[in-house]
Amino acid sequence: MAEFCTIYLSSTFQDLKDHRAAVYKSLNQISGVKVIAMEDYVARDDRPLAACLADVAACDIYVGLFAWRYGYIPAEHENPGHLSITELELEAARASGKPRLVFVLQEGAAWPTGFLDSHVGDNDSGARIRQLRKKLHDERLGTDFAGDTATLATAVSNAVSNQLRAFQPERKAGVPAVAHLQREVSHALYLAHHSIDGELAAGIAQELVVGLERSALLSPEALFASEDRQIGLREENLAACHAAAVLVTRASLPGLLAKLDTVTEALQVLRARSGSLALLLSGVAASELPAGWQGDVQVDLGLALPLPADALRAAREWLAARQPPAGYRSVGVPICIVAMTMAELAALQSDPALLNRLSVAEGEQFRNLMKALAAGNAGWNTRYRDTRHGWRPFGASGLSMRRLAEQMAENVGIRGQGRQRQRHVRLQWYPFDCLVADNPRLRPVYRAVARAGCVVLVDEVSLFHPVLRETFQNSPFFNNDQVAIVTISPFDPARGVLDALLEDAARKRLAGAFDRYAVEYDPQCELAVGDERRLKRWLHASLPATLQRLQEPRPDRGALGALAAELGEPQLPPKRDYGWGGGGRP
């Protein structure tokens with residue numbers, strides 16, 4: 001089975017030589033890609049026609065670059081239509097049904113007169129290339145590009161990456177494309193920007209990835225994504241990048257502020273998925289940004305290229321620190337934390353309206369648990385912080401849950417099983433807050449993540465909070481065999497009385513997970529973890545298993561049960577009822 005996707009790069013040669021070199025380099029930085037170009041035959045326009053057309057027919061993606069030269073026309077005996085070799089390659093891609101990614105030099109872009117057919121008198125004094133360019137635009141096949149090589153290389157790399165993700169695993173046997181690692185993190189940086197900053201963004205990205213093994217993806221849509229297609233594309237591309245950055249300039253700031261809510265949400269998504277967001281500021285002071293625009297690092301880039309040396313060094317150091325060790329492949333694992341914040345805990349303890357949402361039995365269990373925790377686990381409530389990620393499950397002075405998970409992810413590729421070594425795990429966070437807020441724009445994203453496989457870390461005490469419990473029970477993570485789930489107890493389960501309180505309460509809320517834990521012995525489900533060592537042991541085993549599920553999804557229990565019934569075979573074991581409302585999917 002081939003381990004790469006082949007891309008055929010077509011264009012006239014001499015006029016687009018530098019552009020081809022930039023595109024060729026950019027495409028070869030995409031993991032799992034092999035580029036075929038005329039340089040593989042001979043570095044000139046009159047390349048061997050038969051070999052070229054055979055390679056076009058065999059490739060997975062055709063990329064065509066067109067400027068103002070029509071190109072070499074092969075002999076009539078092998079070319080009765082009297083077309084240039086470049087147009088013949090385009091037509092071969094059309095005939096064989098290949099995805100065609102075509103880039104056409106903008107009409108008014110500056111271009112050397114020596115490379116204009118209209119100026120030198122070639123090919124009907126430019127009539128042939130004008131006709132071909134018109135055809136490309138009439139078919140809405142061509143994407144315009146400015147004359148600079150960096151912008152073109154970035155645009156082609158983005159288009160190819162998007163096309164790779166659009167491929168289905170079954171599309172072509174032997175060419176798994178991105179499907180062989182569904183969430184492979186193959187790019188160094190995701191740079192979101194306003195469309196008016198496109199040229200500056202391309203130049204910045206090119207400067208930042210110097211010396212790295214990976215390239216950058218740029219998006220002028222990400223900050224304004226509101227439709228399912230735009231949000232889905234942002235999620236796919238962002239999941240393929242190790243870090244995210246946003247470019248804010250004096251020119252683009254008014255446009256960003258005009259869509260404040262949408263842009264703020266976009267920044268939160270970029271920061272969560274990548275784990276680290278840089279705000280790249282050009283002509284804008286940090287004090288001018290809204291309070292909700294938070295980044296992990298802010299870099300003043302000055303007003304134009306080239307970037308100031310200090311700013312360039314700071315940005316490169318930040319980006320380099322987000323990359324895996326040399327020679328490691330990276331795969332993203334979606335992860336979510338279900339835990340109260342400090343404010344939610346205070347409300348649960350004191351808000352009568354919230355407490356009244358508990359049943360009589362729940363209220364009694366909660367009061368008993370609070371008394372037991374106060375007596376036997378001093379300071380347990382100080383483990384909750386302003387954010388869910390800040391929750392410290394094993395003591396107020398211990399590591400946060402987020403840091404514990406990241407620590408284990410860092411160790412998996414080094415100390416993991418043989419097949420896992422040198423595969424870097426990048427945790428990609430899906431905050432529970434989006435589900436609590438019932439964000440309709442991001443709801444499909446969470447459903448897709450749950451279907452593909454993810455890791456969910458649950459605080460058992462937090463399940464007493466009615467809002468969090470109901471949100472979790474109505475989420476796509478609940479009773480989902482594709483989801484690796486672990487619940488954290490605030491004490492050692494060996495302490496019988498305290499454990500019994502949660503055994504009769506929080507764990508019964510997770511009837512499906514309890515089946516997987518106690519009946520099916522699913523190692524991806526673990527309940528009542530009461531110490532850090534045990535949690536690390538579970539994460540050490542669960543993260544590689546989740547990677548495997550991302551590549552080879554497990555069969556759906558419901559579908560298997562329906563098939564068994566249709567065939568008259570014995571049913572799968574039914575879900576057990578533990579006598580608690582919410583034992584099944586609501």
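**Exercise 1. An open sheet**

Task: Work out in which order the strands of the open sheet lie, and which strands stand at its edges.

Solution.
- Step 1. Five strands, in the order β7-β6-β8-β9-β10, form an open sheet in this predicted model. Their pairing is parallel.
- Step 2. Look at the ends of that order. β7 (216-219) and β10 (297-300) are the edge strands. Each has a single partner strand, so one side of each lacks a neighbour in the sheet.
- Step 3. Add the twist. From one strand to the next it averages 20°.
- Step 4. Zoom in on one edge. Strand β9 (residues 277-282) runs parallel to β10, and 4 bridges join them. In this pair, A278 stands opposite V297 of β10.

**Exercise 2. Strand β3 and its partners**

Task: Decide whether the residues of β3 are buried or exposed, then find which residues stand opposite V63 and F66.

Solution.
- Step 1. Take β3, residues 61-66. The cut-off for buried is under 20% relative accessible area. By that rule, 6 of its 6 residues are buried.
- Step 2. Split the strand by face. In a regular strand, side chains alternate between the two faces of the sheet. One side of β3 carries I61, V63 and L65. The other carries Y62, G64 and F66. Both faces are covered.
- Step 3. Turn to strand β1 (residues 5-10). β1 pairs with β3 in the parallel sense, over 4 bridges. L9 is the residue opposite V63.
- Step 4. Turn to strand β4 (residues 100-105). β3 and β4 also run parallel, joined by 5 bridges. Opposite F66 stands V104 of β4.
- Step 5. Trace the chain between these two strands. From β3 the chain passes through helix α3 (residues 85-95) and on to β4. This β-α-β crossover is right-handed.

**Exercise 3. Helix α3 against α6**

Task: Classify the packing of α3 on helix α6 (residues 127-138) from the angle between them, and name the residues that meet.

Solution.
- Step 1. Read the geometry. The angle is about 25°, and the axes lie 12 Å apart.
- Step 2. Apply the cut-off. Angles under 35 degrees count as roughly parallel. Therefore α3 is roughly parallel to α6.
- Step 3. Give the handedness. α3 passes α6 in a left-handed crossing.
- Step 4. List the contacts. α3 supplies E87, L90, E91 and R94; α6 supplies L132, K135 and L136.

**Exercise 4. Helix α9 against α11**

Task: Do the same for helix α9 (residues 228-238) and helix α11 (residues 260-274).

Solution.
- Step 1. These helices pack at about 30°, and their axes are 10 Å apart.
- Step 2. α9 and α11 are therefore roughly parallel to each other.
- Step 3. The crossing of α9 past α11 is right-handed.
- Step 4. On the α9 side, R234, E235 and L238 make the contact. On the α11 side, A266, V269, L270 and R273 do so.

**Exercise 5. Positive phi**

Task: Place N123 and D438 in the chain, and state how accessible N123 and D438 are.

Solution.
- Step 1. Start with N123. Its phi is positive, about 50°, although N123 is not a glycine.
- Step 2. N123 sits in helix α5 (residues 122-125). With a relative accessible area of 21%, N123 is partly exposed.
- Step 3. Go on to D438. This residue, also other than glycine, has a positive phi near 50°.
- Step 4. D438 lies in the loop between α17 (433-436) and α18 (443-452). Its relative accessibility is 46%, so D438 counts as partly exposed.

How values were computed:
Residues are numbered from 1 along each chain as its sequence is written. This is a predicted model: local features need pLDDT of at least 70, side-chain atom pairs count only at pLDDT 80 or more; totals for chains, interfaces and linings use all residues. Side-chain values use heavy atoms; hydrogens and water are left out. Buried means under 20% relative accessible area, exposed over 50%, partly exposed in between (1.4 Å probe, protein chains only). Two strands pair if DSSP finds at least two bridges between them. A crossover is right-handed if, with the strands pointing away from the viewer, the path from the first strand over the helix to the second runs clockwise. Axes are lines fitted to C-alpha atoms, for helices over the stretch in contact, and angles run from 0 to 180 degrees between N-to-C directions. Angles under 35 degrees count as roughly parallel, over 145 as roughly antiparallel, 65 to 115 as roughly perpendicular and the rest as oblique. A crossing is left-handed if the near helix is turned anticlockwise from the far one by less than a right angle, and right-handed if clockwise. Contact means heavy atoms within 4.5 Å.
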